[in-house]
Amino acid sequence: ERERESKEGKKEGRKEGKKKRERMGWLSLIGTTTVAYGGAMVLFASPISQNSILPLMTIWGALFWMLSFFPLSFLWWVSYPNFPLFVTVIVAVLLCEFARYVLVSLFLKMDAKLSRDKTWPKQQECAVALGWGMGVMQILVTMQGTMVESLEGAGVYSEASGGLNVMYVDALMANCMIFLHILGTMVVVRTGGNIMSMGFVLVLHLIMSLSSLFNTTSVTGICAIPIVIGYLSVGTLLGAYVYITHSTTTLSL
């Protein structure tokens, strides 16, 4: 009788533990999503949504990021599983920056023709919207699906997994990545899309993406390193833009 009661007690305990893990999983999902997208949503609610043209710019930026992703998807489909992960990241960054170059080039031609129109937004407002679209689309494709799927316990995002805090780091990196796209697009637009500015943004994007990959494949004891790299990259881009414009008005964004 005692043995039967002990087994039933353990069974009930496992059920309660499972419910707790699921409940905490959803709370953690909401928290990490807020960390990842909170800053971007503030930007969208404040400067972007105030002009009817800027939301269309975000769609344009998202579209170009998706176009850069299609060739990589095809390569992955053809060569999987013989396509190394770090090579995937490098190719993805190169394609993304090429898409940014084409996007900025087309935008500058459009801006030259429409800038006299009073309803046309300022050049840097458009740059913010374009970068916002690219950054948010990248995170939606590369991060959010993994977060939701891992609620079932299959991935690092699980209360049963010792790597739970890795997902918190990924959320912070996602926030940094969105702002890297925004500030990178601002720098490229401001400099007219010259080679030096494109190379500068490419290097920072590459370092940040590889550090994010390093975070995914590392143990939790060293997963804070990508956060430092992410914030340094975003801070460097912000500093570069302020230096180029000789103005601190950008800080108001």
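Which residues is Thr185 in contact with, once its neighbours within four places in sequence are left aside? I began my notebook with that one, working from a predicted model.

**Entry 1: Thr185**

I listed the partners, and they are Arg100, Val104, Ala127, Leu130 and Gly131. Thr185 itself sits in helix α5, which covers residues 164-190. I then looked up its accessibility: the relative value is 0%, so Thr185 counts as buried. One of its partners deserved a second look, since the side chains of Thr185 and Arg100 make a polar contact at 2.8 Å.

**Entry 2: Arg100 and its salt bridge**

I stayed with Arg100 and turned to charged pairs. The salt-bridge count comes to 1. I found that Glu97 forms a salt bridge with Arg100, with the closest N and O atoms 2.9 Å apart. Side chains of opposite charge can pair when their charged atoms come close. Both residues belong to helix α3 (residues 85-114), and because they are 3 residues apart there, about one helical turn separates them. I also noted that Glu97 and Arg100 are both buried. So my picture of Arg100 has two parts: a salt bridge to Glu97 and a polar contact with the side chain of Thr185.

**Entry 3: the overall layout**

Time to step back, I thought. I counted 7 helices and 0 strands in the protein. Read from the N terminus, the elements run α-α-α-α-α-α-α. The protein has 253 residues, and 40% of them count as buried. I was curious about contacts across the sequence, too. Among contacts between residues at least 6 apart in sequence, 80% join residues at least 24 apart.

**Entry 4: Leu108, a contact across the sequence**

I picked Leu108, which is found in helix α3. How far is Leu108 from Val189, in sequence and in space? I read off 81 residues along the sequence and 7.5 Å from C-alpha to C-alpha. Setting aside residues up to four places away in sequence, Leu108 touches Gln123, Val189, Gly192 and Gly193.

**Entry 5: Gln124**

Val189 turned up again when I looked at Gln124, a residue of helix α4. With residues up to four places away in sequence not counted, Gln124 touches Met186, Val189, Arg190 and Tyr241. Is Gln124 buried or exposed? Its relative accessible area is 15%, and the cut-off for buried is under 20%, so I wrote it down as buried.

**Entry 6: the nonpolar core**

Next I went after the nonpolar residues. In soluble globular proteins, nonpolar side chains tend to be buried together. Here I found that the largest nonpolar core has 49 residues, and that Met57 and Phe107 have the most contacts inside it. Helices α1 (2-48), α2, α3, α4 (123-149), α5, α6 (195-217) and α7 each supply at least two residues of this core. The helix that gives the most to this core is α5, with 15 residues. I followed Met57 a little further: leaving aside neighbours within four places in sequence, Met57 is in contact with Phe107, Trp120, Cys126, Ala129 and Leu130. Leu130 was already in my notes as a contact of Thr185.

**Entry 7: aromatic pairs**

I found 3 aromatic pairs in the structure. The ring centres of Trp60 and Phe64 lie 5.9 Å apart with the planes at 80°, so this pair is edge-to-face. In helix α2 (residues 54-79), these two are 4 residues apart, which puts about one helical turn between them. Phe64 has a relative accessibility of 11% and therefore counts as buried.

Another pair is Trp65 and Phe69, with ring centres 5.0 Å apart and planes at 15°, so I logged it as stacked. Both of these residues also lie in helix α2, 4 residues apart, or about one turn of the helix. Their burial needed separate notes: Trp65, at 4% relative accessibility, counts as buried, whereas Phe69 is partly exposed, with a relative accessible area of 25%.

**Entry 8: helix α7**

My last check was on the length of a helix. What should the 21 residues of helix α7 (residues 225-245) span at 1.5 Å a residue? The expected span is 30 Å, and the end C-alpha atoms are 31 Å apart, which agrees. I also noted the buried residues in α7: Pro226, Ile227, Gly230, Ser233, Val234, Leu237, Ala240, Tyr241, Val242 and Thr245. Tyr241 was familiar, as I had already listed it among the residues that Gln124 touches.

Technical notes:
Residues are numbered from 1 along each chain as its sequence is written. This is a predicted model: local features need pLDDT of at least 70, side-chain atom pairs count only at pLDDT 80 or more; totals for chains, interfaces and linings use all residues. Side-chain values use heavy atoms; hydrogens and water are left out. Buried means under 20% relative accessible area, exposed over 50%, partly exposed in between (1.4 Å probe, protein chains only). A polar contact is a pair of N or O atoms within 3.5 Å; within protein, one must be able to donate a hydrogen and the other to accept it, and residues adjacent in sequence count only if both atoms are side-chain atoms. Contact means heavy atoms within 4.5 Å. The expected span of a helix is 1.5 Å times one less than its number of residues. A salt bridge is a side-chain nitrogen of Lys or Arg within 4 Å of a carboxyl oxygen of Asp or Glu. Rings of Phe, Tyr and Trp (its six-membered ring) pair if their centres lie within 6.5 Å; planes under 30 degrees apart count as stacked, over 60 as edge-to-face and the rest as tilted. A nonpolar core is a set of buried Ala, Val, Leu, Ile, Met, Phe, Trp, Tyr and Cys residues joined through side-chain atoms within 4.5 Å.
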